[in-house]
Every structure is written in structure tokens, then in C-alpha cells.
Amino acid sequence: MELRDSKQERRIFLNRNLVSILQLTVASYLIQPIVRQFGYLFCYKKNVKDLQRQSERLNAMSNGVQRSVDLARGNLQEIAPDVEAWLVEVNQMKPKIQNIENQCLNGRCPNVKSRFVLSRRAKKTTKVVIQLQNEGNGYLSLCGPASLLGMDFFLGTGIYMEFKSRKSTEHDIMEALKDRNASIIGICGMGGVGKTTMVKTIAKRVRGEKLFDEVVMAVVSQQPDLRKIQGEISELLGLKLEEESLSARSSRLRTRLMNVKKILVILDDVWSRLDLEELGIPYGSSHEGCKIVLTSRVRDVCTATRAEKIITVEVLDEEEAWILFRGQTGNCIEAPDLRPIARDVANECKGLPIALVTVGRALQNKHKPLWEDALLQLRKALPTNIPGLLADVYRPLELSYDRIESAEARSLFLLCSLFQEDFNIPIEDLIRYGMGLRMFGGIQNLAEARNRAYTLVEILKDRFLLIEGYKASYVKMHDLVRDVAIFIASQDKHTFLISHNVNLKDWPIEDSYEHYKCISVISKEMSSLPSGLTFTKLDLLQLECDKPQISVPDSFFEGMRALKVLDICHMDMPFLPPSLGFLRNLRAMHLYSCSLEDVSVIGELVNLEILSFRGSDIKVLPAQIGKLKKLRLLDMSGCGDLREIAPNVISSLVRLEELYMGCNFSFRWAVVEEGKERSNASVGELETLSNLSTLEIRIADAKAIPRNMLLSSKLTKYAISIRDVLPNNVEKRFQRAMYLFLPTMAPLADWIRSTLRGTEYLDLVGEGSKNAVKELIPEAFQHVKVLQINNCDMLEFLVNTSCIVPGTGVFPILELLNLVDLTSLQEICHGPLPPGSFSKLKELKLDLLDCLKSLSIYPNVSLANLRSISINRCPRLQNLFPISVVRGLSQLEELRISDCQMMEEVFSEDVLGDEVVDDKIKFSKLKILRLVDLPMLKAFCKGIEDIEFPSLQFSRIENLPNLPNFSPESSFTAHDDQIIELQTLSVESPHRLKVETAR
């Protein structure tokens, strides 16, 4: 019974447990999914936040892995496929995550269904993100150490102020960087001018504007170490160069640079030509995306490195310099008593940024006595007591001097310091000084010395130690560069004494003068020169004393017997001191703008080679000058009172190479008459000068010219005037110039005929001009650059092309043609012109040509260089050129036509009847248009309806009664954005003429 009950209880227990198990099983399959689904709904915010948190972790991890991959690629390493696949998968996941976050609306969903769906997606996506994180943990080991130097280290936080001058230069550099044809850009300028600061500014700008994918910079310096330069560039690129050989390193660096689509490489402080290929930097067609910017103090370095664009960084202007200087000094300069001194100190820095910053910081918040002392030191080129001036300003500039390989160039540089501040230094003076000092090696004559001097000047200009003067034959020295030159010259073997105090009343006092080699003294107050002083080593003495009647002791020159160059300016010395005769070593003597009477003592200077009286008040050149058998150069130009040169003096100067006698208006060459004794020099004396290579001479009376005279075969430079004038402004522009007054048709002297053939500048007056023109026709005026003819009734045309060699261009290098009062001239050229004729013509001036009907300098002629046309009083001229020629006038800036009674159109239809392809003409550069007194003018350009003058600045339209329609719609169009430069418009007749903007 008990056993049966026990079995029954066990059965009941099993049944109950089975029900529970069945219930749990059913619950696990039915209830839990329902709960999970409800969990998505109720845990929505948590799931989204979890996704965001894990997504941020994944992003940080992927950025780290990507950075490692970039570094590895930059180091030219291969990336494992599973790493790249992982990065791809991460990048594919990012938009999915973003899509979920975007739909969440900052944690608020509009309805239950959307909340449920997004929560479930967030939960599942989080699982994938965590899985990617687990995989990514294995790739983090790829990360290496960060580069110690970034580009920001090189860019720094240096001083840069956005001055107008700097913005202009910066703009030019940016334009060059955008120019596809410029792969190498040179930035040059004197030391301390701010080249490095400029390129750092450019680097920041291009990085900000994302013009390049990468920007790198390396400092080259004086002694370029290619391995070091490669190392600096590679470190910024994250590239490890472990190779030993230079070629292997170059190959590896080149490969790395080629992998960057657009990269800017800055090479700073380059002193000599760099072989970019050897360095491993591709450029040009090898890698069009690689731009190279180099900075240098030497322009030639930029050229030698094949820079397509070279941009110069100039010094600051006065106001910009003051702003920079004031920013360094503190508030002390605001004191009324200090401000004028501070201005003077800033001005002494002459706009050089490094000097302004250095001096400004040294004087920051200093008291007035220190400012006054600093000003004195700057003016006297004494840099040692101003903190930083010697090390930061003088030494860098001195380094430019030290790096000049040519000893001759260094000597010429120091000579320039003898001239006053901001002085336009005549290169001719440097040539003559150099000859006297035997500065130039291996030269045989003055012409070679002149070429050498210009070569040396270019070397110094390329290094910004000299700058352009107001003319091509002059140079200047930046005042701080001059101070450095004086500082150099005052030391060691150079020993210069320079005293340029205009208020100086006495000779500069020194304990001893025996060690000085060059002395320059300039004063307006000194009344007397010293006596009894000894200058045993003095080679050069430069004196300028404007005070009238200065007292010069007879013994003044006695203590300077080694003197080789003497230059005296603006001194009143009626009688030269007898001690001048002791200067037996003197080779060059300049007496410029001096008042002189008796100069016979100069005849004792037997070694004299160069003698100049330029601009001096001298009446007689005495016979004693004929003793100067070694004289190579005699300069009498500008001696307006010269009346007499002793006979046979010039013919006695047998070694004379250069004779300058232009603008001597009082002097008359003797007319040689048989049996009569001469009292003056004759032109025939020139015939004995077999070494004569340069001649400037005015012969007022043609009767003084021997007909059969022959000049030296070495004559290559001349300005010969056979009339009353010899224009100064022309004689220096051209190597070979002639000014001939030929009143009759008498045959030309043989020497004139032979000299004419090589002439560049030819100015003819009188009937005999026809003979001169005939002489040049066979050679088609091959050498003539300027031709001016006045007052000749015999010329009907300049050239008959049938008389020249076929195919030879007429006037191939002519720049200016000026024809005045040629009453018989009908054509400029008779017959068809060969190609190349008039191709260099820049200026055409015609006046008083009564018979001229046509210019006749077409077809086959391009006037692309023509800049100015002036036509006046040509009553029969009907037009200028046909349309085909006009379309080539791309450089025309000035067009003036007046008083041409028969002119019907300015430009005509093509004479050959060619169809007009375009009914529009644009005078892109025309600035001045003047049409006055043209009573028959009916059209500006016949057949052309649209004519534009976008650059017009001045216009005068007057008395054109027959011009029917000269209006914006037909023939005078100036666009809105182009006519803004118009400054003057004068319109009288026709009254309908208007100037409007095209709409």
C-alpha cells in the first residue's frame, strides 16, 4: 500500500516538473523574444548612446591606424592587405552609423515604430563596431614615433607685417606658384631684407588655402650639405633615409616626392647653384605638381638653378620702415623730445627690416643720450656699441662681400663707398679709378677695362650690393651696405678715411695719415687745405670743397708721392700748386667742375694715363699737355669756355684711345691754310691718333675738316657733330652717333662716308642729307636705330627697294623715325618692302611733309613694336595704314594726328582687297588719342563698326566737320571696367561725339 502511494507521489512530482520544464521551454521560445523586442523599445536611448560611444572609439582607432599607414607609405613601405581591408570596412561602416544618428533627431523619435527600428539597428551595429575594434587592436602596433620637427617648427612666429609693398611681392609669388609654366621660382634680395620671412608667410598661406598637399622647407646655407638638406626634407615628409650613398638617398626621396600630387619645396638661403636632380627633387616635366621656391642673395643663383620666375624683395619705404621700427622700440619714442631723433635713427636703417628690428630692440625704452649716441654711430658706420647691430646686420651683409670670388669685384665694391650717401655713382668714374689703381687684370686698353668694370658691376648688382642708378650708366649703394663697406674698408689692409660732413671747416684730424690708402673728404665750409702732412701709402684722394677761393698750400701734394688717382671737384684753383709735379706715380686725374687758369704743371705728370677737365672753367689747354706721352684718355667735355688748344698737343698724345670734346661751344677748330701758322688745334691732328677708339667732337665749321682725312681704324664709339650742338641726352645712349649739318649737295668727305655706314644714331639737317641717305641705301640702313632728317627739299623717298640686295629687310633695327620739313618727300619707301623691315620701330614722327601721299611701309611689314605715332602738317596724306597692319599694332600707346587737310580716314581698307574677317578692332594699350583739324576725315577705320579703346587716358577730338558718326554704338567703345583711367576728354567738333560705357 505504501509502495503504491510512493509511486503515485513520484508520478505526481514528475508530472509537475514536466509541466514546469514545458512552461520554461515555451517561455524561452515565446516570452524572451517578446521581452527582447520590448527591450529595443524601452532601451532605445541606451542603445544609441552605446553606438555613439563605440563609434567614437572606432574612429579614434581608425585615425591612428590610418596615420600609421600614411607614415608607412610616406616611408615607402608596403601595407598588408588585411589592414587596408579593415580600413575599407571601417570607412564603409561610418555612413551607416551616421545614418542612424541622423534619424535619431538628438534622442527624440516621432513614433514608437521608428524608435523600435532604430534601437534594434543601433544594437546590432554596435556589435559589428566592437568586432572591428577587436580586429583593429592588432593594427595599432604599426604606429611609430611622431616626427620631432613639423613644418610649423620652420614657420615659427616671426615678425611679419602686412605692408603694401610686401603684399604686392606676396601677390607676385602666389601668381607664380599658380603659373603652370613656372616650376622653379627664385626669391632674391639683399641680406636682411626679409626673404625668409616672406617664404614662410607664403608657406602658411598655401597651407591655409590648400594649394598644395604638402609643404616642406630646408635651409641650404653657404656650404650646402646635400645629405643634410635631404634629411630636413625627408623628416618633414616622415621618410627615413637610411641609405649611405647620396644617389640611393636621392632616388628614395624622389620616389617619395613623386607620390605627392602637389607639393611645395622651399629651399632657403641658397648661395650657389643647386643640382636638384642630384638632390632628388623632381621638377618640370618630371613632376608638374612639384613647385620649388628658393631664396638667395645672388640673382645669378636663381638663373643658374633655372628659375622661370625671379622676384625681388625690396626694402621698405620710409613710412613702412617707421611702423616696423616703432613696433620694436616701446612707448619711449612717443616723448616729444625723442621722437625726431627716433625718426632719424629709423631713417639711417634705410628700410632694411633686419636693421630696423635689431636697432629698434636695442634702443627699446632707452633714454635720450643713448638714442643720440646710436644715431652718431649709425652715421659714422661704427656698429660695435649697438647690441646686435654688428652680428645681426653688419656681419650678414659682410658675408655677401666675403662670398664674392672676384677680388676685382670686392675692390670695386669698396671704391663705391668713397662716394656720398644716396649718390648716383658714374660707372665711368669707377672705370677710370680702376685703371689708375691697376685694379683690372689682363686688360690692354680702356675699352677692355670698361667691359670689365660693367661685368664687375653686374656681379655686385646680382648680389644686391649695388642697385640701379637713375641711368643705366650709374649705380647706387644702399646706405647700410655703404656703411658696411666703410666698416670693411676701415679695417686691415684697406684703411679708408671718409669724411663727408658738409659743415666740416677743417681737415679731419688723425694721429697719423701714413696708413691710409684712400681718402675722401667732402665739405662746403673748409676754407684751406693743410700742409706738411705725410700720406706715404695713399693711392687715391677724392676732394670736394665748394667754398670759393679755397686756399691750397704749394706743398699740399708733397707728402703723397705714391698717389695714383686724384679726383678734385668744385674747387676754385686758378693756379695748381707746384707740389702737384711731385706726383710722378699719378695715373688718373679728374678736375671736375673746377675753376682753372694755368694747368701747365700737369705736363710734369709723365705717367698720367687719364686726364679729365669735365665741366671745368678752363680757357686754354697749354702746350705742356703734349708731354703726356702715356695719356690714354683726355676728357674736355662740357668745358664751355675753352677757346684754345695749343697746336700739335692732340697729335702729340700718340697713345690716346679716347677723346671727349663735346659741348665745347666756344672752341673753334683751326682752318688749315697753307703757309699760315695756326694758333689752335686742327681736326687733322686726329689723323695721327692710330689708337683712337672713342671720339666725341663738335666741329662748328665744316671748312675745318680736311676732305681726305682718315680716322683710326679702331674707332668703334663716336658722337660726331658737324654743327652747333651735340645733345648730351643722346651721346651716351648710343655707341655711334652723328649730327650733320649739310647745307649743300657737295660730296661728302671720305671719312664721313665710311663713318656713316656704322652709325646707330643719325641726325641730318640740310639739302646734303640726300647724299648721306644715298650712302646708306645699299646696306638698307642695317645699323641705324634712330634717323632724324630735317629741312631737305631734295628727298623724294628714303629707300628705293630695287637698289638693295633682294630679301634684305629695310631699317631692321630702326626704333625712331623723325622726318621734318621734307617738302619733296612723296613716299617713305619706294617699292615693295621685304619681310623684317621696320620690325623694331617704336616711334614714328612726321611733320611738314607737303607732298607725302602714302606711308608705303607695307605689305609684308609688322609694326608690333610701334608705340607712338605723331603726324602733323601733312596736307596730302589720306590715311596711315590699311586694316591688316592696324591689327598688329598691339603696343600702340599714343596716336596724334593734326592739320592733315586731305586725310579721309585714319586707317583704310586693305589695298589688296582682302575681305575683312572681323568688323571689330581693339586698341588695347592706347592711352592718348588726339585728332585735331582734319576737315576731310570721314571715318576712323573704314568698314569697321566696333572700335575699342579700353586703356584710354587722354582724348582730344577737335574740328572734324565731316566725321558722320563717331559714337559708342559704331566706333568708340570703352567698357565699364576699363575706361576708369580716362583723365581728360576734349571734344569740340563734331558735336555728336560721346564717350559712354558699353552696356
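Student: In what order do the three strands E6, E7 and E8 lie in their open sheet, and is the pairing parallel or antiparallel?

Tutor: In this predicted model, the order of the three strands in the open sheet is E6-E8-E7, and their pairing is antiparallel.

Student: What makes strand E6 (425-426) and strand E7 (467-468) the edge strands?

Tutor: Each of the two, E6 and E7, pairs on one side only, and that is what marks an edge strand here.

Student: How do you know that E7 and strand E8 (residues 474-476) pair?

Tutor: Two strands are said to pair when at least two bridges are found between them, and E7 and E8 are joined by two bridges in the antiparallel sense, so the requirement is met. One of the residue pairs involved is Glu468 with its bridge partner in E8, Val475.

Student: Why is H6 called oblique to H7?

Tutor: Helix H6 (residues 164-178) and helix H7 (residues 195-208) pack with their axes 11 Å apart and at an angle of about 55°. An angle has to be under 35 degrees to count as roughly parallel, and the roughly perpendicular range runs from 65 to 115; the value for this pair falls in neither range, and therefore H6 is oblique to H7. The crossing of these helices, H6 and H7, is right-handed.

Student: Which residues of H6 and H7 meet?

Tutor: On the H6 side they are Arg166, Thr169, Glu170, Ile173, Met174 and Leu177, and on the H7 side Met198, Thr201, Ile202, Arg205 and Val206.

Student: What makes H8 roughly parallel to H9?

Tutor: Helix H8 (residues 226-237) and helix H9 (residues 246-258) cross at roughly 30°, and their axes come within 11 Å. Because angles under 35 degrees count as roughly parallel, H8 is described as roughly parallel to H9. The contact involves Leu226, Arg227, Gln230, Gly231, Ile233 and Leu237 of H8, together with Leu246, Arg249, Ser250, Leu253, Arg256 and Leu257 of H9. As for handedness, H8 passes H9 in a left-handed crossing.

Student: Why is Thr759 called buried?

Tutor: A residue counts as buried when its relative accessible area is under 20%, and the value for Thr759 is 1%, so Thr759 is buried. This residue, Thr759, is found in the loop between helix H23 (750-756) and strand E24 (761-765). Leaving out residues up to four places away in sequence, Thr759 touches Tyr718, Arg736, Ala737, Met738, His783 and Val784.

Student: How do you know that the side chains of Thr759 and Tyr718 make a polar contact?

Tutor: The cut-off for the pair of N or O atoms is 3.5 Å, and the polar contact between these two side chains, of Thr759 and Tyr718, is at 3.2 Å. In addition, a polar atom of the Thr759 side chain lies 3.1 Å from the backbone oxygen of Thr755.

Student: Why is Lys368 called partly exposed?

Tutor: Partly exposed residues lie between the buried limit of 20% and the exposed limit of 50%; the relative accessibility of Lys368 is 31%, and therefore Lys368 counts as partly exposed. Lys368 lies in helix H15 (residues 368-379), and, apart from neighbours within four places in sequence, Lys368 is in contact with Asp337, Leu338 and Ile341. Lys368 and Ala342 are 26 residues apart in sequence, while their C-alpha atoms are 9.4 Å apart in space.

Student: Why is helix H24 (residues 769-776) said to be largely enclosed by the rest of the structure?

Tutor: Six of the eight residues of H24 are buried, so this helix is largely enclosed. The buried residues of H24 are Ser769, Asn771, Ala772, Val773, Glu775 and Leu776, and what covers them includes H23, E24 and strand E25 (786-790).

Student: What makes strand E35 (residues 928-932) mostly covered?

Tutor: Four of the five residues of E35 are buried, and on that count the strand is mostly covered. Strand E32 (residues 894-898) pairs with E35 in the parallel sense over five bridges, with Leu895 opposite Leu929. E35 and strand E38 (residues 954-958) also pair in the parallel sense over five bridges, and there the bridge partner of Leu929 is Ser955.

Definitions and conventions
Residues numbered from 1 in each chain as written. Predicted model: local features only at pLDDT ≥ 70, side-chain atom pairs only at ≥ 80, totals over all residues. Heavy atoms only, no water. Buried < 20%, exposed > 50% of the residue type's maximum accessible area, 1.4 Å probe, protein only. Polar contact = N/O pair within 3.5 Å; in protein donor to acceptor, adjacent residues only side chain to side chain. Contact = heavy atoms within 4.5 Å. Axes fitted to C-alpha atoms, helices over the stretch in contact; angles between N-to-C directions. Parallel < 35°, antiparallel > 145°, perpendicular 65-115°, else oblique. Left-handed = near helix turned anticlockwise from the far one by under 90°.
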